[in-house]
Amino acid sequence: MNLTDLKFVSEKREKDFNKLNIYSQEDLVRHFPRDYLDLTRTDTIASAYHNDFILTLCEVVNVEFNRYSRRPYVKALCRQGDYLFTAIWFNQPYVAGKLTAGEYLFYGRVQNRYGLGASMVNPTFERADNNIKLKGYLPVYPLAGSLTQGAVRTAVKQALSNVRIVSAIPDALQKKYGLIDLKSAYAGVHLPTGAECAAAAAERIAVEEYFLLVSAFKIIKGDSRTARLRTYSVTAEDVKNFAARFPFELTKGQKDAVNAVYADFKSPDVMNRLIQGDVGSGKTAVAVAAVFMALKSGRQAAMLAPTEVLARQNAALLKKYLPEYRVEFLSGSTPAAEKRAVKKGLAEGSIDAVCGTHALIQGDVEFADLSLVVCDEQHRFGVGQRASLTAKGAAVDTLVMSATPIPRTLTLIFYGDLDVTTIKDKPAARREISTSVIPARRYGDMLAYISSEVKKGVQAYFVCPKIEGDDEGSVMSVTELFEELQKKMPGVRLGLMHGKLKDRQKNEVMEAFRNREYDALVSTTVIEVGVDVPNATIMVIYNAERFGLSQLHQLRGRVGRGDKQSYCFLLMGSDTEVARARLSVLKNNSDGFAIAESDLNMRGGGDFMGTRQSGHVIGDLKNLRFPVSAIFTAKAISDDAFSSAAFDTSELRRAAMQKYNKLKDVILN
Ligand code: ADP
Ligand code: MG
């Protein structure tokens, strides 16, 4: 159903909706609020905490307009009972004309800095007469272009009554699990009567989504037993001899993983295996061994990595451990002539293995006889992208490596289509990374300590969340940090790395760091994935409260890769109880899986899965807040539905696969 069929949706407005990936009324009802405004009750400013959003009824006593300040502002002195506070509006001179002495409703953020008394900055306001609009429990949507909350609310409301919404879960099971009607759930998310209503509705929708997804994985797994076309002639003896090429003894976990791959290659079915292991558990060695087994059997292999830095790192490793084979590298930045040569070699079969980025997925990359695909750090790829690489050969064996320490309990849901091997141990020489939260007053000491350490020959990372600072100026940008550190750490050679650099520049910086031309790398999270520089032993993370725990754990995993003692220093931009509690989980824990489990429990399913940090953004559920239990309920219902003869599974299969196909490029992306 078209958007322009809705009242008040012009073609111009339609374009704004398109920017939000909304193209139909169906999309619109799935445009979930990112938050709610609770205007069902008023609070007193005296009882509000710093940064609370409140709706409050107060008396404006006096209004003053300062147009000559650097930032012109309007300031109102307000009274609530015998409590006085100020409200201030910056760069909104028109407020001076609208506000006079009298009763008002204010809605906005409270600032309550110690000793300075409370104030409100840029609150929305309305005269407290009989005709109040600031009321109810209102959805707040992500916006684009010139869309306003009002415009989205009106459009969604209409779409809700036009779009047909039916649950794929059989009625009997809906009853058994006490589910509310799906259509009312959509209404409840968009037009809730209060917080409880919105939460129950979100949970119901999450159950539906995960029911379909889990069912799809179940179907795919059941159907994906593809018969093996190619045999591998490699022998157990060959593999054993190959393992001796590593300068280290493989850990028990690595050996088990290599054996699992070997067994897959010898089995009658095509391999679809996930090697899951915490950062630093040595997954790359397993991947290299898998590639060896394929090449030794006279087959072709491709290794896909999410970034050029990683792909190059992989290519270098393969070349090192497989000198008797021809290994090439391919990325978007490979010069045209070289690209042509690599493509030709792959198509003819003269190249045995290729490492690359998304460039490998392109249609014009052909293989003589592609047999094995290895995806490193697969959560950065959509399932669909992985599929388009395996489609370049028939019945291709797939090995996926993931360091996203997803909670064990969720493995089945995310990787339901794969067999899973978990590497539980780490190379023995590793020492625990000492992790501490650095209070602001110790910042200078920390920099001095790092300066002296790097002069002794170790290297450090300084990571901050953003390339550019944010509007409020509360987060430093990576370039600002770079400049600051240059001043504060004279004599320390600093490299600068961020996502806006060209791939070629990123490589140069990375290589220079690897070659110890820099003592420290100031970076955004582009270094998060897979980078392996064992000489780096210090990791400093700015605004640590802004990262997901799993992401922090990944970042921390960039150090502690050699046998030297490593350190992770966490700096907090804003200091809250919650942030402290979360960081202490990290401090007291070195097992990524346990950390992810705590993260999940502390944040709830929607938040955990909805952020890029988890590595598992699930389609458009990202704004829904639901408890993790919704996922387990969904799985229980799916198990019930497929194990009982009472339900028509052909209908379920259709719905599940339709959902899967729609999501396959965004799941795990
Ligand atoms: P990840 O699992 O995070 O991808 P890597 O494969 O990058 O980990 O390995 C991390 C580091 O540990 C590398 O420097 C690698 O050479 C080293 N390593 C891997 N396996 C072992 C082992 N069995 N013993 C000692 N060091 C190892
Ligand atoms: Mg890795």
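A residue is called partly exposed when its relative accessible area falls between the limits for buried, under 20%, and exposed, over 50%, and the views below, taken from a predicted model, use the words in that sense.

**View 1. A salt bridge along helix H17 joins Glu508 and Arg504.** The side chains of Glu508 and Arg504 meet with a nitrogen-to-oxygen distance of 3.1 Å. The two residues stand four apart in helix H17, which covers residues 503-514, and are therefore separated by about one helical turn. Glu508 has a relative accessibility of 47% and so counts as partly exposed, whereas Arg504, at 51%, is exposed, because the limit for that class is over 50%.

**View 2. Lys426 and Asp278 form a salt bridge between two loops.** The closest N and O atoms of this pair are 3.8 Å apart. Lys426 belongs to the loop between strand E14 (419-423) and strand E15 (434-438), while Asp278 sits in the loop between strand E8 (272-277) and helix H10 (283-296), so that the contact ties together parts lying 148 residues apart in sequence. The partners fall into separate accessibility classes: Lys426 is partly exposed, with a relative accessible area of 35%, and Asp278 is buried, with a value of 6%.

**View 3. Asp43 pairs with Arg41 in a salt bridge.** The closest N and O atoms of Asp43 and Arg41 lie 2.9 Å from each other. Asp43 is partly exposed at 23% relative accessibility, and Arg41 is likewise partly exposed, with a relative accessible area of 48%.

**View 4. Arg30, Glu209 and Lys659 are joined in a network of salt bridges.** In this view, the three residues Arg30, Glu209 and Lys659 are shown together as the members of that network. As context for this and the preceding views, the structure holds 30 salt bridges.

**View 5. Val61, Leu77 and Leu84 make up a nonpolar patch on the surface.** Together, the three residues present about 220 Å² of accessible area. One of them, Leu77, is found in strand E3, which spans residues 73-80. Leu77 has a relative accessible area of 31% and is partly exposed; because patch members need over 30% relative accessible area, this value satisfies the requirement for Leu77.

Notes. Residues are numbered from 1 along each chain as its sequence is written. Chains are lettered from A and ligands numbered from 1 in the order in which they are written. This is a predicted model: local features need pLDDT of at least 70, side-chain atom pairs count only at pLDDT 80 or more; totals for chains, interfaces and linings use all residues. Side-chain values use heavy atoms; hydrogens and water are left out. Patches are made of residues with over 30% relative accessible area and no salt bridge: like charges are joined within 9 Å, nonpolar side chains (Val, Leu, Ile, Met, Phe, Trp, Tyr) within 5 Å. Accessible areas come from the Shrake-Rupley method with a 1.4 Å probe; for residues, only the protein chains shown count as cover. A salt bridge is a side-chain nitrogen of Lys or Arg within 4 Å of a carboxyl oxygen of Asp or Glu. Buried means under 20% relative accessible area, exposed over 50%, partly exposed in between (1.4 Å probe, protein chains only).
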